[in-house]
Amino acid sequence: MNGAFYVGIDVGTQSLTAILVEAPGPDGDGEDRAEGIASRVGVHYDTELPQYGTVNGQLPNEDPAIGRVPPCMWLEALDLAFEKLGSGACREISGVSVSGQQHGSVYLRPGAEALFQSLTPKQSLAEQIEPVLSRAEAPIWTDSSTTRECEEIRGELGGATATAELTGSDTFERFTGPQIRRFARTEPEAWARTAHVCLVSSFVTSVLAGRLAPIDHGDGSGMNLLDIRRREWSEAAMAATAAGLGQRLPPTCAPWTVVGPVAPYFASRYGLPASAQVVAGSGDNPCSLVGAGAREPGEAVLSLGTSDTYFGLLREVAVDPEANGHVFIAPSGHPMSLICFRNGSLAREAVRDRYGLDWPGFDAALRATPPGNHGMMMLPWFEPEIVPRVATPHVHRLGGLRDEPEQAARNCRAVVEGQFLSMRLNSEWMATRPERLVATGGGSRNRELLQIAADVLACRVESLAVTDGAALGAALRATGRRMSPLPPVGDAGPSAEPRPEATAIYDAMLPRYAEAQRLAAG
Ligand code: XUL
């Protein structure tokens with residue numbers, strides 16, 4: 001094989017991860033499948049960049065609705081990741097692409113592009129780029145402070161269904177359009193000095209390529225600004241969002257578009273070949289689809305990370321009548337459905353910590369309790385929830401479940417069952433049922449979790465050899481060709497088959513769960 005190395009960089013919520021894969025080079029005559037993972041490095045923001053003072057990757061704020069990050073922290077993590085990869089690996093890189101936590105936005109002053117072109121390797125990225133930020137903090141996907149803006153934009157666009165038909169989603173607090181509108185309203189001077197609006201993925205891609213990068217259809221569909229059918233910015237949505245937005249947005253592009261060669265900064269400072277190509281970045285969820293090898297409708301991904309997301313390839317655009325779900329554009333070009341649960345791993349951790357357990361103890365609790373949990377259930381809203389929309393956090397315990405140490409094991413099962421029942425209930429609108437479900441993210445290592453997912457969702461659940469599906473997907477996208485991972489890349493992770501007797505219990509539980517959700521979420 002004429003092997004070449006490609007790096008995928010996932011700018012996640014809690015850490016930045018870079019994965020280097022070996023794949024056939026552009027002139028290779030072999031099959032377009034990655035050969036394996038050559039290297040993986042990570043930078044954990046809270047512990048490795050403590051000077052930024054983040055907690056779980058975001059700045060603490062007394063208002064739980066505010067979720068923000070200093071973009072310089074991502075830049076410093078990027079420098080550190082290349083340092084950790086080392087010059088030996090960097091010299092081999094033929095292509096690079098970025099996966100970014102979706103919806104987050106970065107605001108730049110005029111002159112940003114000229115600066116990106118002329119970065120000196122003698123100073124760090126953060127030091128040089130900080131002066132061209134027109135807003136010191138970037139709102140990220142955990143921010144839920146834009147309810148007013150959501151209502152205003154939705155009103156302008158003719159209601160929830162019309163908004164979803166146009167942009168693929170009703171307005172959501174974390175989506176970039178409502179965030180931009182709030183920024184323009186609350187900080188008009190900073191908005192006036194903003195020349196460019198980037199997403200997390202397009203910001204880091206712009207730095208890597210030394211020029212302002214386009215926003216790909218996948219990440220662009222998380223903004224309430226892209227016309228989901230025509231795959232270009234919607235004039236109506238831009239006008240409903242903020243005056244002068246059109247001239248501040250970069251062009252859109254198809255997934256897999258090559259933006260250009262890597263900026264001289266990375267060649268001089270880390271030894272990347274000057275010819276290494278930068279492929280347009282995308283959102284972490286579209287990237288995870290590629291990492292999971294999902295290419296056909298009927299294939300879906302369960303991403304068990306800070307948030308839990310459930311998404312799959314659709315045959316055609318289907319809009320959620322409850323307006324909780326989203327339609328994005330997948331890297332394969334198909335529409336993809338997505339629902340995002342804010343109470344993912346942090347909710348599981350909250351229960352684990354509440355009863356003084358470690359992960360093996362949490363797993364033992366899952367094994368010690370039966371499917372259906374003797375009728376006990378939990379609506380696990382430790383934080384404001386996205387699906388269903390819950391503004392004020394509240395954990396509901398039902399069917400005799402109580403918050404007491406004697407019921408520690410039952411609470412562990414209840415949080416996980418509650419999460420997957422919610423996933424099943426709130427994904428019913430997706431016209432395409434999953435035939436293959438691939439789990440990724442930290443939680444995908446946990447066999448007990450996968451078994452409950454398989455039983456509740458009535459589908460075989462496989463997991464990847466690596467938990468970083470988004471970084472792996474970005475590395476495959478860095479080839480600029482529609483590359484699949486060689487299944488499995490390394491050793492496969494755990495998998496689980498649905499057990500019909502357990503699924504029958506969940507079938508019976510679902511209407512009760514639906515009713516409890518309806519009453520509690522209002
Ligand atoms: C998806 C969402 C999250 C972020 C962070 O809509 O908000 O999954 O992409 O992972």
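**Exercise 1. The two domains**

Task: Work out how far apart the C-alpha centres of domain 1 and domain 2 lie, and how the two domains meet.

Solution.

Step 1. The C-alpha centres of domain 1 and domain 2 lie 27 Å apart. This is a predicted model, with pLDDT of at least 70 required for local features and 80 or more for side-chain atom pairs, while totals for chains, interfaces and linings use all residues. Residues are numbered from 1 along each chain as its sequence is written, and side-chain values use heavy atoms, without hydrogens and water.

Step 2. Set the bounds. Domain 1 covers 4-287, and domain 2 covers 293-465 + 490-522. Such bounds come from an automatic or database domain assignment.

Step 3. Count the contacts (heavy atoms within 4.5 Å). On one side stand 33 residues of domain 1; they touch 24 residues of domain 2.

Step 4. Take the buried area, which is the accessible area (1.4 Å probe) that two parts lose on being put together, summed over both. Between domain 1 and domain 2 it is about 2300 Å², and carbon and sulfur atoms give 59% of it. In domain 1, the residues that lose the most area to domain 2 are Trp141, Phe172 and Asn285, together 23% of what that side buries.

**Exercise 2. Polar links across the interface**

Task: Find how many salt bridges and how many residue pairs in polar contact join domain 1 and domain 2.

Solution.

Step 1. Apply the salt-bridge rule: a side-chain nitrogen of Lys or Arg within 4 Å of a carboxyl oxygen of Asp or Glu. Between domain 1 and domain 2 the count is two.

Step 2. Look at another pair under the same heading. Glu173 forms a salt bridge with Arg389, and the closest N and O atoms are 4.0 Å apart.

Step 3. Apply the polar-contact rule: N or O atoms within 3.5 Å; within protein, one must be able to donate a hydrogen and the other to accept it, and residues adjacent in sequence count only if both atoms are side-chain atoms. Across the interface of domain 1 and domain 2 this finds 11 residue pairs, both residues at pLDDT 80 or more.

Step 4. Assign elements on the domain 1 side. Helices (H or I, at least four residues) and strands (E, at least two) are DSSP runs, numbered from the N terminus. The elements that give two or more residues to the side touching domain 2 are α6 (160-167), α10 (217-220) and α13 (284-291). The most comes from α6, with four residues.

**Exercise 3. Three salt bridges within the chain**

Task: For Arg181, Asp170 and Arg342, name the salt-bridge partner and say whether each residue is buried or exposed.

Solution.

Step 1. Get the total. By this rule the chain count comes to 27 salt bridges.

Step 2. Fix the burial scale. Buried means under 20% relative accessible area, exposed over 50%, partly exposed in between (1.4 Å probe, protein chains only).

Step 3. Arg181 pairs with Glu152, with the closest N and O atoms 2.8 Å apart. Arg181 sits in helix α7 (residues 176-186) and Glu152 in helix α5 (residues 147-156), 29 residues apart. Arg181 is partly exposed at 24%, and Glu152 is partly exposed at 26%.

Step 4. Asp170 pairs with Arg154 at 2.9 Å between the closest N and O atoms. Asp170 lies in the loop between α6 and α7 and Arg154 in helix α5, so the pair ties together parts 16 residues apart in sequence. Asp170 is buried at 3%. Arg154 is buried at 19%.

Step 5. Arg342 pairs with Glu383, the closest N and O atoms being 3.3 Å apart. Arg342 is in the loop between β19 (335-341) and α14, and Glu383 in the loop between β20 (377-381) and β21 (394-398), 41 residues apart. Arg342 is buried at 10%, whereas Glu383 is partly exposed at 29%.

**Exercise 4. Asp227 and helix α15**

Task: Describe what Asp227 touches and what the buried residues of α15 pack against.

Solution.

Step 1. Asp227 is in strand β11 (residues 226-227). Asp227 counts as buried because its relative accessibility is 11%.

Step 2. A polar side-chain atom of Asp227 lies 3.1 Å from the backbone nitrogen of Arg230. Beyond its neighbours within four places in sequence, Asp227 contacts Leu166, Glu232, Trp233 and Ser234.

Step 3. In α15 (residues 359-368) the buried residues are Gly361, Phe362, Asp363, Ala365 and Leu366. They pack against α14 (345-354), α16 (408-426) and α17 (447-457).

Step 4. At the start of α15, a side-chain oxygen of Asp358 comes within 2.8 Å of the backbone nitrogen of Gly361.
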